[in-house]
Amino acid sequence: MHNTRRTLIAVSLSLTLTFVPFLAYAASPQPAKGEHGMVVTAQHLASEVGVEVLKQGGNAVDAAVAVGYALAVVYPTAGNIGGGGFMTIRFKDGRSTFLDFRERAPLAATKTMYLDKDGKPVKGASLDGYLAVGVPGSVAGFEMAREKYGTLSRQDLLAPAIRFAKEGFVLEQGDAASLQGGAERLARDPAAAAIFLKPDGKPYAVGERLVQPDLAASLAAISERGADAFYKGATADAIVKASGEKGGILARADFENYAVRELKPATCNYRGYEIISSPPPSSGGVIICEILNVLEFYPLSYLGAGSAETVHVMVEAMRHAYVDRNSALGDPGFIDNPVAKLLDKNYAREIREKIDPFRAGVSQELMPKGFGESNETTHFSIIDNDGNAVAVTYTLNGSFGAGVVAAGTGILLNNEMDDFTQKPGVPNLYGLVQGEANAIAPKKTPLSSMSPTILAKDGKPFMVIGSPGGSRIITITLEAIVNVVDHGMNIQEAIDAPRIHHQWLPDTVYIEPFGLSPDTEKLLTGMGYRLDLADTTWGQAAGILVGGKSLAEIEKGGGARYNGAIDSRAAAGKAIGY
Ligand code: DON
C-alpha cells in the first residue's frame, strides 16, 4: 500500500506540477447558496423535490417527508420505505425533537437466532434474505412527522415519488453506478431482479429509464389510506407471506404493533455551539458529544488540521468513546443507558487524564469487565425560510438491504438485524465488536450509529449535518463539525476533507487516501499507532451552514444566508438552494 501510494504521488507530481490537483480533496467546489431554503440530498432529483415543496410553501418537515419518499424511488440503494431511520428537528423557535422510526426485531426473534448449534455465527444469516429483516419504520415515521409537524397533505408529499416510480426516471452516471454495484446481490432474488435488472440480467445503463410500477402502487396506497395501507393492508400481508415462504419470521402482528417513538435529542455544548443529535437507540449523538467533550480541552485550531497531535487526541477520544458505544448503549426500552454519565464534562476530564500526550493508547487495556464472554444509508439536510431545520438519516443498512423484495410490492427490505450483537465479541458488518446491551430481543431496536445532527449558536440554527457510513457515521459527522468550528474550513471543504477513523476495536487508525502526509504518518507510527491507509473513501455527508460558507465569512457578515454542500464522494447528490 505504502509503496503504491508513494509511486502514485511521484507520478502525479511529475505530471501535474502546474494545473491538475493531485490531492483528492485539495480544492473543493463552492457550496450552493440560497436565501430562502436549502435541500441537500444524495440524489439530485430528490433535492429538486425538496426545493419544490419549500417553494410551494411547505416547511422543512414537509420537504423532508417528500424527499424521504422520493429517495425510496430514485435512490434504491439506501432510500426506502422498507427500512427505518431517524429525524432530528430544530424548530424556528428553538425547540427541538427527535423521531425514532428505526426497525424493530420481530416478535419471534431470539438472542441466538444467528448462531448454529455450536454457538457459532451462521455466515450471512443476519445480512441476506428475510431472516435479516427488521420490522420497517420509514412509512410510520414520515406519516407521524407530517401529521405532527408538517403543513401539506399526504397526497402532495407522495405525488413526486409516485410519479418517479410510475413514469420512471432517466439514470445519470451516479444512479447507474449504484445499480451496477448492487447487480450481483439483486440478481439473487427474482422479484428484486425483475425490477432493478434488465430482462437480459444486466443492470440499467446511463440514459436508460428505471420504471417501478409495483412500488408506484404501494406508494399510491399509502397516499390514499395512510400508514395503515403499509402496516395493516396488502403490503404487510405480501411481505409476511414472502418472509414465511423464504425462511423469515416476520408476522402480521409485527407490522400492526409498530410504533414510532418521539424522543428528546441528545444534546451538548461544544465551544459555545449547541449540538442537537440522535439519542439511543442511536449511539450517534451521545458518542459525538462524548468525543467533543474530550476534544474541547485541546487547542485543535492551533494544533492544525491533519497534524499528528490533532490526530492523536482525536483518535484517543474516539477509542474511549467507542468502548462506551459498544459496551454500554442499546435500545432505551430495554436497557438503562448511562447517557448522563457519558455526556458529563467531568467524565470527559477522566478520559483526558488517561490520554498519554506522547503515546498511542492500547485498546485491549480498555476492555470492559465481562465484555465478550457470554454502503448503504443516506442522510439529507434541509432548512426552510423560517429557519426550521431538519436532519434525516435513514437506511436499509447494507447496500440494497437484504436484497429482497416481496413480489408485487416493489419494496426493498432492510437487513438491519445485523446491527444487533449476534454474539458478544464477534464483529458485525462494520467490524463493531459489541456486547450484551445490544443483544437481540423481540421488539427491540438494534443500536445505530446514525447521527442526524443540528448545531445552534446564540439561539439560531448554525449547521445541519449527517452522513451514511456504518460505524464511521459518528466520526464523519464529528470531523465535519470540527473542520468548521476549529479549522475554519467552509462547509464544502469540511465535508470533502480526508477522514480518519478509530472505533476501539480493531486497534487501527483508518485513514482515507492522501489523508495525512508521510511525515505525519511516520510521527503517528512512532507514537505506537497502527495505521491502515485505505484505498477507498467512506461516507457521503450532506451539510448546511447558516450565515456564510465558513466561520470567517459569517464573522465578516458577508455570506449567503444558506450554504449547502453535498459530499464530493457522493456521485448522484446535489445541494440546491433558492
Ligand atoms: O444504523 C446504523 O448504524 C447502520 N445500519 C448504518 C448503515 C450505513 O451507514 C451503511 N452505509 N454506508
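Which residues come nearest to the ligand? Of the 15 around it, the answer is Thr377, Glu416, Asp419, Ser448 and Gly470, where "around" means a heavy atom within 4 Å of the molecule.

Quick housekeeping, then. This is a predicted model, so local features need pLDDT of at least 70 and side-chain atom pairs count only at pLDDT 80 or more, while totals for chains, interfaces and linings use all residues. Residues are numbered from 1 along each chain as its sequence is written, and side-chain values use heavy atoms, with hydrogens and water left out.

Okay, the ligand's contacts. On the Glu416 side chain, an N or O atom is 2.6 Å from a nitrogen of the ligand. Asp419 also has a side-chain N or O atom 2.6 Å from a ligand nitrogen. Then there's Ser448, with a polar side-chain atom 2.7 Å from a ligand oxygen. On its own the ligand would expose 340 Å², and the protein buries 98% of that (Shrake-Rupley areas, 1.4 Å probe). As for the shell around the ligand, we have 4 nonpolar, 7 polar and 4 charged residues. In that split, Ala, Val, Leu, Ile, Met, Phe, Trp, Tyr, Cys and Pro are nonpolar, Asp, Glu, Lys and Arg are charged, and the others, Gly among them, are polar.

So where does the ligand sit? Its space is the largest cavity, meaning more than half of its atoms lie within 2 Å of the cavity's grid points. A cavity here is a set of points, on a 1 Å grid over the protein atoms alone, where a 1.4 Å probe fits but cannot get out; lining residues have an atom within 4 Å of a point. This one holds about 120 Å³, the volume being the space filled by probe spheres set on the points, joined across faces, edges and corners. Its lining has 18 residues, with Asn397, Asp419, Tyr430, Ser449 and Gly470 nearest the centre.

The second largest cavity is about 80 Å³. Among its 13 lining residues, Ala72, Gly79, Gly410, Ile411 and Leu412 lie nearest the centre, and the lining splits into 8 nonpolar, 5 polar and no charged.

Last item: Cys268 and Cys289 form a disulfide, sulfurs 2.1 Å apart (the cut-off is within 2.5 Å). That link is left-handed, at -80° about the S-S bond.

Methods
A polar contact is a pair of N or O atoms within 3.5 Å; within protein, one must be able to donate a hydrogen and the other to accept it, and residues adjacent in sequence count only if both atoms are side-chain atoms. On a 1 Å grid over the protein atoms alone, a cavity is a set of points where a 1.4 Å probe fits but cannot get out, and a pocket is an open set with protein on both sides within 12 Å along at least five of seven lines; lining residues have an atom within 4 Å of a point.
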